[in-house]
Amino acid sequence: MHGSDVVTKVDVHASPRPFQSSHVDVAGVATCARLAAVPAAIALSCAPWWWSGVDAWPQVEPLGVLALVPLLAAVVAWHGLRSARREPQIHDRQLDLIICFLASSAAVTLLVLTPQDAASGVNTALVPCLMAVAIIAAGYGSRALWRVRWAAGLLVLTWREPWAVLSDQVSPHATAIGLHLSVLLMPSASLGASDRTVRVPHSGDFVTLDPAAGAGMPMLLYVGMLCGVGWSFCVVGAVRRLGAIAGGIAIGTVLAAVEWMCTMWRARSVGAPAAVEWSSGGVHRFTVAAIAGIVLVALSVRLLRRVRDRRRSDRNGGTEPGLAHRLTAAVPDARLGTVVVGVLAVAFLVLGVVNR
């Protein structure tokens, strides 16, 4: 009789556990889905502008590198949300929706006023910024928006005109440096008839390479500059930010020189295929993809280490809240915000497709 009482008591206390665990898992999945809705909505809303930029500035041109700007903005936003920096103690959902309404109205106004053929104007860069502000304010709240304000502003770098002016100033000097570097490091090479190409010997003949072809040597310089600007928003202090930009430019310059020299040595070995790879931009695409792969691996390793350290801290009694907890605390009732985010994403996507 005593044994049956014990069994009954254990069954009564054990039965709610699976239900409670399932309830917690469902709540956790719902919270993650609401938090993931914001970056998904921003990506969906900016897709027409991002694709328009990629289509207008092909990868064989230097300004095709501006397609990296949304990706860098996402990394900067992720860093800003995960950092322990202070932000205003704002918990007013009405203020969040007011900011969302103002940013959305400004974005729609710019869409209406901007001519459809002005693909390189400043309004084309401001519209994605305002859309991102509206979606973040509705989904994450004003506190999170304050943390990622630099990430939203980073999208202004997709404005083409300043980069076009910079490219006109940098490209001729980069071409001249590339030619002098070629003759200096490969004495068997010689300048072409127009003094704008270099001839690399191969099997008793010459392979002609043009430093300005296939996006030119400044391509990786622009990549380094963009990464340096993004890096500067992840550090604190004016000196460190300037150092980040200078470091990105320096690394990009070194990589550009190494890429050009590797192309020359490959042309000396395989001949014409190396020239085709350079002029088509394939060398740049391969280099950028390799760099992106290395960066992603490094970020993944760093993230895994942080997760491991956080779990270790939790086992030792640590109480530091995670990213999901902080965002959920900043937006207590996210259901209305999630609905607004979904509506904005669809509306911005339709407007973007119509106006492109």
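Okay, let's start with a cut-off: I call a residue buried under 20% relative accessible area, exposed over 50%, and partly exposed in between. With that in hand, take L185: its relative accessible area is 44%, so L185 counts as partly exposed. One thing to say up front is that this is a predicted model.

Let me stay with L185 for a moment. L185 is in helix α8, and that helix covers residues 160–185. Leaving out residues up to four places away in sequence, L185 touches M261 and W265. Look at M261 in particular: L185 and M261 are 76 residues apart along the chain, yet their C-alpha atoms are separated by 8.3 Å.

Now the wider view. The protein chain has 14 helices and three strands. Of its 356 residues, 37% are buried. And if you take the contacts with a separation of 6 or more, 77% of them are between residues 24 or more positions apart. So much for totals; on to the helices.

Two packed helices are described by the angle between their axes and the distance between the axes. I'll go through α8, α9 and α10 in pairs.

First up, α8 and α10, where L185 comes back in. The two pack at an angle of about 55 degrees, and their axes are 11 Å apart. How do α8 and α10 lie to each other, oblique or parallel? They are oblique, which follows from that angle. The crossing of α8 past α10 is right-handed. On the α8 side the contact is made by G178, L181, S182 and L185, and on the α10 side by A257, W260, M261, M264 and W265. So there are M261 and W265 again, the two residues that L185 touches.

Next, α8 against α9. Here the packing angle is about 130 degrees, with the axes 10 Å apart. That makes α8 oblique to α9. α8 passes α9 in a right-handed crossing. As for who meets whom, α8 brings W163, L166, S167, V170, S171 and A174, and α9 brings P218, L221, Y222, M225 and L226.

Then α9 and α10. Their axes come within 7 Å and cross at roughly 160 degrees. Because of that angle, α9 is roughly antiparallel to α10. α9 passes α10 in a right-handed crossing. The residue list is long, so I'll just pick from it: among those in α9 are L220, L221, G224 and M225, and they meet a set in α10 that includes R241, A244, I245 and G248. Keep R241 in mind, please.

On to the rings. A pair of aromatic rings is described by the distance of the centres and the angle of the planes. How many aromatic pairs does a search of the whole structure find? Three. One of them is W150 with F233, and this pair is stacked, at 5.4 Å centre to centre with 10 degrees between the planes. The pair links distant parts of the chain: W150 is in helix α7, F233 is in the loop between α9 and α10, and they are 83 residues apart.

Are W150 and F233 buried or exposed? W150 has 36% relative accessibility, so W150 is partly exposed. F233 has 19%, and therefore F233 counts as buried.

Now back to R241. R241 lies over the face of W150, at 5.8 Å from the ring centre. So W150 has F233 as its stacked partner and R241 over its face. There's another arginine to show you: the charged end of R199 sits over the ring of F206, 4.4 Å from the ring centre.

Last stop, helix α2, residues 16–56. S45 is in this helix, and S45 is buried because its relative accessible area is 0%. What does S45 touch, not counting residues up to four places away in sequence? M131, I135, L344, A345 and F348.

W49 is in α2 too. W49 has a relative accessible area of 8%, so W49 is buried. W49 and P128 are 79 residues apart in sequence, and in space they are 7.5 Å apart, C-alpha to C-alpha.

That's it from me. Thanks, everyone.

Conventions: Residues are numbered from 1 along each chain as its sequence is written. This is a predicted model: local features need pLDDT of at least 70, side-chain atom pairs count only at pLDDT 80 or more; totals for chains, interfaces and linings use all residues. Side-chain values use heavy atoms; hydrogens and water are left out. Helices (H or I, at least four residues) and strands (E, at least two) are DSSP runs, numbered from the N terminus. Buried means under 20% relative accessible area, exposed over 50%, partly exposed in between (1.4 Å probe, protein chains only). Contact means heavy atoms within 4.5 Å. Rings of Phe, Tyr and Trp (its six-membered ring) pair if their centres lie within 6.5 Å; planes under 30 degrees apart count as stacked, over 60 as edge-to-face and the rest as tilted. A charge sits over a ring if NZ of Lys or CZ of Arg is within 6 Å of the ring centre and within 35 degrees of the ring normal. Axes are lines fitted to C-alpha atoms, for helices over the stretch in contact, and angles run from 0 to 180 degrees between N-to-C directions. Angles under 35 degrees count as roughly parallel, over 145 as roughly antiparallel, 65 to 115 as roughly perpendicular and the rest as oblique. A crossing is left-handed if the near helix is turned anticlockwise from the far one by less than a right angle, and right-handed if clockwise.
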